[in-house]
Amino acid sequence: MQKSGWIWMDGRFVPWDDANVHVLTHTLHYGLGVFEGIRCYRLTGGGSAIFRLAEHDRRLVESAHVLGIEMPFSRAEIDAACIETVRRNGLEECYLRPLVFLGDGKMGLAAENPVRVAIAAWPWGAYLGEEGVRLGVRAKTSSFWRFHSNTFMPRAKSVGNYLNSILASREVQRAGYDEAILLDTEGFVAEGSGENLFVIRDGVVSTPEPYAALSGITAATVTTLLRERGHEVRSGRITRDDIYIADEVFMTGTAAEVVPVRELDDRRIGDGRPGPITCTIQKVYAQAIRGELPEHRDWLTPIPA
Ligand code: PPE
């Protein structure tokens with residue numbers, strides 16, 4: 001990964017190589033922590049802006065609340081720290097990773113160690129590869145289920161939740177596929193290992209009801225943009241064979257952006273190429289993040305010079 005100069009840690013900037021923690025950091029052992037993934041883009045009109053900062057920041061605070069972690073900083077302080085992390089590192093385009101974790105001090109599950117916050121930023125290219133964005137990815141249903149909401153909690157973007165995603169993505173990537181699709185504990189489609197999912201048939205766009213999935217901010221953005229363009233977007237139960245017989249399927253996520261799925265479980269989806277609605281939403285999403293949609297300027301937080 002490409003290092004940048006500074007990482008914000010607990011209220012001050014430290015050089016990238018000095019942003020270290022003790023090996024007995026509680027979250028490293030037990031997974032109790034929350035994080036966000038946010039992107040900052042170069043705008044077509046000049047300058048850069050963080051995309052949907054308020055929504056990410058809100059989810060970070062809500063994730064901590066769900067896990068019962070007391071945030072040591074306000075939303076305004078986190079916002080300001082994100083903006084300053086981009087500015088100070090001189091990054092025009094980057095991925096931002098705020099992380100809230102329990103530090104060292106005591107060991108054991110019940111330890112109430114200090115809550116620490118770090119924000120790093122670095123350039124991060126196409127999450128599922130440039131070719132995936134252009135031609136679509138090959139997905140496989142994972143043998144690992146997405147957890148039940150009484151096992152871990154899907155509204156929280158928590159560190160521990162990602163063990164589930166990692167098991168699924170490593171399983172299918174080692175078998176030669178690009179990305180995993182996870183079913184929920186009832187067997188319905190939940191989401192990708194790091195993306196939400198949209199399925200299109202006869203012009204109607206459907207997405208799994210987010211009981212088991214993360215409530216994606218990109219999915220919300222895409223839903224708004226599709227509805228504004230007259231598309232019907234439903235949420236409901238989706239089965240794996242709904243995907244096999246779909247006309248088009250795409251995935252959404254901050255890191256992935258909008259990525260077509262051309263195959264699931266060795267079955268071609270549609271004609272095996274990105275379909276018209278997928279291509280439209282890729283184009284419109286690219287306009288939104290670059291400030292080309294005047295009606296959605298409020299999604300952008302400009303980085304001061
Ligand atoms: N589901 C999961 C499980 C998920 O991890 C993400 C984001 C989404 C859906 C889409 O959410 P949103 O980014 O709000 O649209 N996955 C992050 C990948 C992180 C990684 O380090 O890998 C991301 O896109 O930032």
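These legends describe views of a predicted model of a protein chain with a ligand.

**View 1. The whole chain.** The chain holds eight helices and 17 strands. Along its principal axes, the C-alpha trace spans about 55 × 50 × 30 Å. The radius of gyration of the chain is 19 Å, which agrees with the value near 19 Å for a compact globule, because a globule of 305 residues would have that radius.

**View 2. The ligand in its pocket.** The ligand sits in the largest pocket. Three elements give two or more residues each to the shell around the ligand: strand E6 (94–102), helix H6 (217–228) and strand E14 (248–253).

**View 3. The residues around the ligand.** The shell has 21 residues, and those that come nearest to the ligand are Tyr95, Tyr127, Tyr162, Glu191 and Thr218. By type, the residues of the shell divide into seven nonpolar, nine polar and five charged.

**View 4. Polar contacts of the ligand.** Each of the distances in this view runs from a side chain to an oxygen atom of the ligand. For Tyr162, a polar side-chain atom lies 2.4 Å from such an oxygen atom. For Tyr95, the distance from a polar side-chain atom to an oxygen atom of the ligand is 2.5 Å. In the side chain of Thr254, an N or O atom is 2.6 Å from an oxygen atom of the ligand. Taken alone, the ligand exposes 550 Å², and the protein buries 93% of that area.

Definitions and conventions:
Residues numbered from 1 in each chain as written. Predicted model: local features only at pLDDT ≥ 70, side-chain atom pairs only at ≥ 80, totals over all residues. Heavy atoms only, no water. Near = heavy atom within 4 Å. Polar contact = N/O pair within 3.5 Å; in protein donor to acceptor, adjacent residues only side chain to side chain. Areas by Shrake-Rupley, 256 points an atom, 1.4 Å probe, with all protein chains shown as cover. 1 Å grid on protein atoms, 1.4 Å probe; cavity = no way out; pocket = protein on both sides within 12 Å on 5 of 7 lines; lining within 4 Å. Sits in = over half its atoms within 2 Å of the grid points. Helix = DSSP H or I, 4+ residues; strand = E, 2+ residues; numbered from the N terminus. Nonpolar A, V, L, I, M, F, W, Y, C, P; charged D, E, K, R; others polar. Rg over C-alpha atoms; globule rule 2.2 N^0.38 Å.
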